[in-house]
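Reader: I would like to learn how to read disulfides in a protein model. Could you take me through them step by step?

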Amino acid sequence: MSKFCLFLASGFLFLAQIQNTVSYVYGAALTKSLLFFEAQRSGKLPSNQRVKWRGDSGLNDGRDAGLNLVGGYYDAGDNVKYGLPMAYTVTMLAWSVVEFRPHFRARHELSHAMQAIKWGTDYLIKAHPKPDVLYGEVGDGGSDHSCWMRPEDMTTPRTVYKIDDQHPGSDLAGETAAALAAAAIVFRRSNPSYSSQLINHAKQLFEFALNHNGAYQNSIPVALKFYTSSGYEDELLWAAAWLRQATKDKRYLEFIKSANSGGARSIFSWDDKYAGAQVLIAKGILRGKLPRSGNLEQYKKGAEEFICNCIQKGNSNVQRSNAGLLWFIPWSNLQYVTSATFLMTTYADVLAKTKTTIECPGSSVSPQDLLGFARYQVDYILGSNPNNMSYMVGYGSNYPRRVHHRGASIVSIKQNPRVIRCQVGLNEWYHKDADNPNVLEGAVVGGPDQSDKYTDSRDNYPQVEPSTATNAPIVGVLARLAS
């Protein structure tokens with residue numbers, strides 16, 4: 001039996017689960033977290049595909065436009081390829097390897113992480129056939145969401161949508177530039193020619209975003225309902241920060257110095273990149289690779305205000321659930337927990353290396369405090385919570401069984417090749433009162449509510465749907481904690 005008690009550690013009040021045999025095997029969770037990306041693959045699957053219940057899909061993507069847009073990732077439980085969250089996913093996977101490469105190598109997961117990144121970047125390169133053209137979506141959310149079909153069976157339209165110089169999307173182009181620049185750092189030594197190719201695309205996309213301003217949903221209206229961007233200044237800054245790190249070109253530093261620093265942020269996500277950019281720049285300052293001149297100190301100030309608020313030592317602390325999980329919004333809250341936890345983890349490492357602390361309004365915070373708080377959030381996700389449930393599918397013995405995910409919830413095409421059409425999928429599988437036939441290993445679902453309650457029901461998509469944007473940040477955190 002488990003019981004809960006309150007205890008005080010490093011100045012933080014936590015609700016901790018005490019069990020006779022609590023042992024979180026972060027390495028196993030890391031392996032599973034990367035498997036999830038293989039389950040999300042679109043296109044012709046490779047011979048080393050480990051998720052065997054998946055098959056080839058989307059093999060004609062782009063054909064209507066005379067292009068090859070095969071590949072990339074489905075964003076969540078649907079079969080649409082959305083460019084903005086896909087690019088953010090790639091950026092976060094790449095950042096994870098940039099920061100924690102030795103930890104991935106120690107767990108023998110570096111090659112899998114790099115394969116996950118390259119599956120995304122290969123597609124993003126295809127989606128950028130000209131300097132001022134970027135394809136930002138394949139498939140339509142409206143028609144796709146009205147059906148319940150395996151990706152291998154799709155009959156819904158695979159319409160392609162783009163931005164160009166007459167129909168701009170600075171946020172989409174900026175995030176894609178960031179993804180390619182971050183990935184270029186990852187592949188710099190192992191594949192220099194590919195790294196150079198990524199840099200060239202990233203530079204072109206940054207110039208495209210800079211010279212043709214606009215929000216991408218104005219050019220791709222079908223994205224409005226699903227991934228609306230709140231602005232593009234953050235993506236321009238984010239792209240400049242990654243291009244500066246990848247190229248050392250002073251033009252990007254000058255852009256950063258003149259840009260809006262974003263101030264104190266309340267969230268870090270596929271939509272709002274300010275906190276991520278602030279942490280990236282602040283780390284450069286602490287390491288002595290960036291000057292403290294201009295407004296660069298404002299980035300450091302913003303980064304540390306965000307972190308202080310997360311660890312409950314700031315002036316506008318992030319809310320928490322009854323059991324201590326960071327609480328941002330009711331819909332898929334864990335995607336914001338994983339991203340915040342990533343920022344805390346990577347900042348803890350730079351504080352440790354530079355022998356510094358954060359002076360929060362509440363108290364001084366050490367790198368050990370930060371890593372401890374991040375570990376608590378991860379442990380909650382993996383099962384140290386009032387429900388004794390792992391919100392990572394396939395981890396432990398008690399995890400979500402009815403994940404809102406088309407491919408996982410329908411019998412594998414390898415087992416039953418009969419085409420399961422739109423309404424049949426809804427009637428026979430979506431509404432079926434049974435566990436999913438396929439285990440979507442490694443998927444982090446939306447998570448519990450603020451009272452730590454969770455209902456494992458396929459139609460409860462705010463809580464039970466996973467996404468690549470949720471998983472990508474926790475990959476790096478798990479690598480760091482595993483070794």
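Author: Start with a twist. The torsion about the S-S bond of Cys308 and Cys360 is about -85°, so this disulfide is left-handed. Before we go on, this is a predicted model: local features need pLDDT of at least 70, side-chain atom pairs count only at pLDDT 80 or more, and totals for chains, interfaces and linings use all residues. Residues are numbered from 1 along each chain as its sequence is written, and side-chain values use heavy atoms, with hydrogens and water left out.

Reader: What is a disulfide, and where are Cys308 and Cys360 in the chain?

Author: A disulfide is a pair of cysteine sulfur atoms within 2.5 Å. Between Cys308 and Cys360, the S to S distance is 1.9 Å. The pair links distant parts of the chain, 52 residues apart. Cys308 sits in helix H10 (residues 296–310), and Cys360 in the loop between strand E8 (358–359) and strand E9 (364–365). Helices (H or I, at least four residues) and strands (E, at least two) are DSSP runs, numbered from the N terminus.

Reader: Is Cys308 buried or exposed?

Author: Buried means under 20% relative accessible area, exposed over 50%, partly exposed in between (1.4 Å probe, protein chains only). Cys308 has 3%, so Cys308 is buried. Cys360, at 7%, counts as buried too.

Reader: How many disulfides does the structure hold?

Author: It holds two. Cys147 and Cys422 form a disulfide, with sulfur atoms 2.0 Å apart. Their link is left-handed, with -95° about the S-S bond. This pair also joins distant parts of the chain, 275 residues apart. Cys147 is in the loop between helix H4 (141–145) and strand E5 (160–164), while Cys422 is in helix H14 (residues 422–430).

Reader: What are the relative accessible areas of Cys147 and Cys422?

Author: Cys147 has 9% and is buried. Cys422 has 15% and is buried as well.

Reader: Which pattern do the disulfides follow?

Author: Count the bonded cysteines along the chain. The pattern is then 1-4, 2-3. Cys310 is in no disulfide: the nearest cysteine sulfur, that of Cys308, is 9.4 Å away. Cys310 is buried, at 0% relative accessibility.

Reader: Now a residue that is no cysteine. Which residues is Asn471 in contact with?

Author: Contact means heavy atoms within 4.5 Å. Leaving aside neighbours within four places in sequence, Asn471 is in contact with Ser33, Phe36, Phe37, Gly442, Ala443 and Val444. The side chain of Asn471 reaches the backbone nitrogen of Val444 at 2.8 Å. Asn471 lies in helix H16 (residues 468–482) and is buried, at 0% relative accessibility.

How values were computed:
A polar contact is a pair of N or O atoms within 3.5 Å; within protein, one must be able to donate a hydrogen and the other to accept it, and residues adjacent in sequence count only if both atoms are side-chain atoms.
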